[in-house]
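Subject: Model handover

Hello,

Here is the model I promised. Please have a look, then read my notes below.

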Amino acid sequence: MMSSSLSTDRIGLITGASRGLGLALARELARAGWRLIIDARTAGELEQARAELARWSEVVAITGDVSDPEHQQALTSAVARWGKLDLLVNNASILGPSPQPFLREYPLEVLELVYRVNTFSPLALIQRVQRYLSSSACIINITSDAAREPYPGWGGYGSSKAALEQLTVILAAEQPQWRVYLVDPGDMRTRLHQEAFPGEDISDRPPPEVSVPGLLALIKGNYPSGRYLAREVKV
């Protein structure tokens with residue numbers, strides 16, 4: 001059983017929650033009684049996720065692109081209807097072209113989109129919902145080792161996550177009342193990871209569920225703001 005401290009009229013917003021890590025985390029929070037707002041770009045997958053999560057808790061699902069200002073406002077309006085927000089998880093990301101090109105060939109219009117989704121959208125959501133964040137609110141921005149390691153072919157995605165990391169640590173320094181975390185979930189058997197390695201067998205990667213306990217420990221604990229590897233957080 002999960003600690004009751006995770007629930008008690010808690011409200012969370014998780015982007016990119018129709019599958020993968022977002023859905024795995026949403027599933028555990030819903031089981032603990034959290035009321036959730038979730039989004040994704042694909043309506044059918046999102047409705048399937050909402051129907052599953054609704055077995056345990058109240059869930060609002062809003063289809064859209066997290067980089068779209070109108071969609072951002074729709075998410076904010078959903079938060080406003082509940083009047084507060086205890087948890088914001090910026091999980092939605094896009095990889096960019098698959099297979100990934102070297103930077104000298106990277107189409108700049110696509111790179112701009114990658115930055116809009118992976119870097120600008122998390123900050124945009126934080127700015128929009130800040131008035132509803134509780135005094136002990138938890139903000140989690142999902143990052144990657146590609147933000148720190150110069151992997152050939154990862155210049156678009158990796159640099160967008162590196163920029164997100166710098167935004168996040170500065171936000172944490174500016175807003176000490178919030179718990180602001182960067183979380184690297186590690187390699188996972190997800191659609192995005194498969195897109196990064198088209199045609200390869202990634203069945204040896206663990207499922208997203210193995211990274212969820214570390215996320216939950218950060219959400220319910222009192223860890224200082226900073227960067228964490230999900231599978232190394234003490235639970």
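Start with the weak spot: pLDDT (the predictor's confidence in each residue, from 0 to 100) stays under 50 over residues 1-5. For that stretch the model has six contacts (heavy atoms within 4.5 Å) beyond four places in sequence. The chain as a whole averages a pLDDT of 91, and 89% of the residues score at least 70.

Some ground rules. This is a predicted model, so local features need pLDDT of at least 70 and side-chain atom pairs count only at pLDDT 80 or more, while totals for chains, interfaces and linings use all residues. Residues are numbered from 1 along each chain as its sequence is written, and side-chain values use heavy atoms, with hydrogens and water left out.

Strand 1

Helices (H or I, at least four residues) and strands (E, at least two) are DSSP runs, numbered from the N terminus. Strand 1 covers residues 11-14 and has both faces covered. I11 and L13 on one side are buried (under 20% relative accessible area, 1.4 Å probe, protein chains only), as are G12 and I14 on the other. Two strands pair if DSSP finds at least two bridges between them. Strand 1 pairs with strand 2 (residues 35-40) in the parallel sense, over four bridges. Here I11 stands opposite R35. Strand 1 also pairs with strand 4 (residues 85-90), again parallel, over three bridges. There G12 faces L87.

Helix 1

Helix 1 (residues 20-31) joins strands 1 and 2 in a right-handed β-α-β unit. Right-handed means that, with the strands pointing away from the viewer, the path from the first strand over the helix to the second runs clockwise. Nine of the twelve residues of helix 1 are buried, among them L21, L25 and R27. Their cover includes strand 1, strand 2, helix 2, strand 4, strand 5 and helix 7. Just after helix 1, G33 takes a positive phi of about 95°.

Cores

A nonpolar core is a set of buried Ala, Val, Leu, Ile, Met, Phe, Trp, Tyr and Cys residues joined through side-chain atoms within 4.5 Å. The largest has 34 residues; L25, L29, I140 and I219 touch the most other members. Helix 1 gives the most to this core, with seven residues. A second, separate core of 28 residues includes L85, A92, V117 and V129.

One residue to click on is I140. Leaving aside neighbours within four places in sequence, I140 is in contact with residues including L87, V89, Y181 and I219.

Best wishes

Terms used:
Buried means under 20% relative accessible area, exposed over 50%, partly exposed in between (1.4 Å probe, protein chains only).
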